[in-house]
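I opened this entry to keep track of what I looked up in one structure. I went from the whole chain down to single residues.

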Amino acid sequence: MSSLAEQIERIPRDVMKRLEGYAFNRERLIRLGDLLRRGEDDRGIVTGLLEAPRRGDVAELPEQGSAEFSQLEALGHAELSKGGLALVVLAGGMATRMGGVVKALVEALPGKTFLDLRLAEVEAVERREGTRPPLWLMTSAATDDKIRAALGSRLDGERVATFTQELSLRLRPNGDLYVDAAGLPSEHAPGHGDLPDALRKSGLLERFVARGGHTLLVTNLDNLGGTVDAAVLGFHLQHGKPVTSEVVDKLAGDRGGIPVRVDGKLRALEELRIPKTFDPASVRVFNTNVFHIDARALFELDMAWRFYTVKKQVDDAEVVQFERILNEVTGELDTVYLRLPRTGDRARFLPVKDFDELERRRSEIEQVARARGFL
């Protein structure tokens, strides 16, 4: 039986050249594959004392219309008007539940794709504030070409830019390289935890910090609730910690990261990391994957990323891929958790995972888009 290293060596040269163009990490895959082969793949189950958030652990905005709310809005408006925020959109995943299309180019509203609405978002901010925040899209090998083509002349590499995340390969459950009927490996992007490394590598973050940029708003492409908001930005700036993680009330069926105290320290944990001795239902909110992050803190972040084993089906075969998760930064950088609404004009969480959900959400998306000046 050949080793994974030997199997990788047999990958056709043109395929390997493509992988290397997207920062394929051969040594990391071999290490993770060897652990998988020995049955030692690390699922990252957390040890220590786990507790639900305590009173005061999850903040809320002041009531809209109050003096305190107006102060936060003013702080946010001032930051936006001087170009202190960049909008970073996670656009690397293929919409497998939509038939493998590039989700950025799917019509979220009649005649308006998700990408169109993100462009309209920064244009709306410019009309209000006099300054347009840069729009940076983290793409992948599967989405970059088509997104760049759709952007056309608007893509200037600074105010509107793409930067690519890494590319890796799927394995069989026994740790061997998975290859299809044509003998080719199966590629995948290793999760939105690629963001800090990919953004630093692009040079966009360094230049933003150098010209006085302070804050990154990071949001999923398909969540058109997670948009630029002066009051939320003002809240982030006022508390002064590196990260604000948005949370919403948890409904039945919601799965994702939740804020949990681990040995007294509050951090976001994916439920796959939580031991059976702790009930995730005891936490009544969950993370939306929308973050305000201090740009310099992210630029200087030096952390050892954990890669998680994720099982998938490809061509009727069971495969394994390794992913890292962005909310792991909350274990490294001090984070404040802010509870926000998931309905109405100020809804901050409108995810779209398939066409049925898109159809159900269209009226909400239009409501939010009109309220925030995108339409």
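My notes follow, starting with the overall fold and ending with backbone angles.

**Overall chain**

I noted at the outset that this is a predicted model. I then looked up the secondary structure. The protein chain holds 11 helices and 19 strands. Next I checked the radius of gyration. It is 21 Å, close to the 21 Å from the globule rule for 375 residues, so the chain is as compact as a globular protein of that length. I also took the box along the principal axes. The C-alpha atoms fill roughly 70 × 55 × 45 Å.

How much of the chain is buried? I found that 54% of the 375 residues count as buried. I turned to contact range after that. I took the contacts between residues at least 6 apart in sequence, and 75% of them join residues at least 24 apart.

**Nonpolar cores**

I looked up the largest nonpolar core first. It has 48 residues. Which members touch the most others? They are Trp136, Phe163, Leu195, Leu199 and Leu216.

I picked Phe163 for a closer look. I left aside its neighbours within four places in sequence. Phe163 is then in contact with Trp136, Leu195 and Leu199, among others. Its contacts also include Val88, Leu137, Met138, Ala198 and Leu204. Thr139 and Ser202 are on the list as well.

I then noted a second core, separate from the one around Phe163. It has 39 residues, including Leu80, Ala91, Leu115 and Leu119.

**Cavity**

I searched the whole structure for enclosed space. The search gave 1 cavity of 30 Å³ or more. Its volume is about 60 Å³. I listed the lining: Asn25, Arg28, Leu29, Leu32, Ser168, Leu169, His188, Pro190, Phe307 and Phe322. Two elements give two or more residues to this lining, α3 (26-37) and β10 (168-169). Of the elements, α3 gives the most, with 3 residues. I sorted the lining by type and got 6 nonpolar, 3 polar and 1 charged.

**Second largest pocket**

I moved on to open space. The second largest pocket holds about 310 Å³. It is lined by 16 residues, and Val228, Asp229, Arg346, Ala371 and Arg372 are the closest to its centre. Which elements give it two or more residues? I found α4 (67-81), α5 (114-129) and α9 (230-239). The largest share, 3 residues, comes from α4. By type, the lining of this pocket splits into 6 nonpolar, 3 polar and 7 charged.

**Positive phi**

Last, I looked up residues other than glycine with a positive phi. I noted two of them.

Ala23 has a phi of about 60°. I placed Ala23 in the loop between α2 (13-21) and α3. Is Ala23 buried or partly exposed? Its relative accessible area is 27%, so I logged it as partly exposed, a class that runs from 20% to 50%.

Asp263 has a phi near 50°. I found Asp263 in the loop between β14 (257-262) and β15 (265-270). Its relative accessibility is 56%, which is over 50%, so Asp263 counts as exposed.

Key: Residues are numbered from 1 along each chain as its sequence is written. This is a predicted model: local features need pLDDT of at least 70, side-chain atom pairs count only at pLDDT 80 or more; totals for chains, interfaces and linings use all residues. Side-chain values use heavy atoms; hydrogens and water are left out. On a 1 Å grid over the protein atoms alone, a cavity is a set of points where a 1.4 Å probe fits but cannot get out, and a pocket is an open set with protein on both sides within 12 Å along at least five of seven lines; lining residues have an atom within 4 Å of a point. Grid points are joined across faces, edges and corners, and a volume is the space filled by probe spheres set on the points. Helices (H or I, at least four residues) and strands (E, at least two) are DSSP runs, numbered from the N terminus. Ala, Val, Leu, Ile, Met, Phe, Trp, Tyr, Cys and Pro count as nonpolar, Asp, Glu, Lys and Arg as charged, and the others, Gly among them, as polar. A nonpolar core is a set of buried Ala, Val, Leu, Ile, Met, Phe, Trp, Tyr and Cys residues joined through side-chain atoms within 4.5 Å. Buried means under 20% relative accessible area, exposed over 50%, partly exposed in between (1.4 Å probe, protein chains only). Contact means heavy atoms within 4.5 Å. The radius of gyration is taken over C-alpha atoms; the globule rule is 2.2 Å times the number of residues to the power 0.38.
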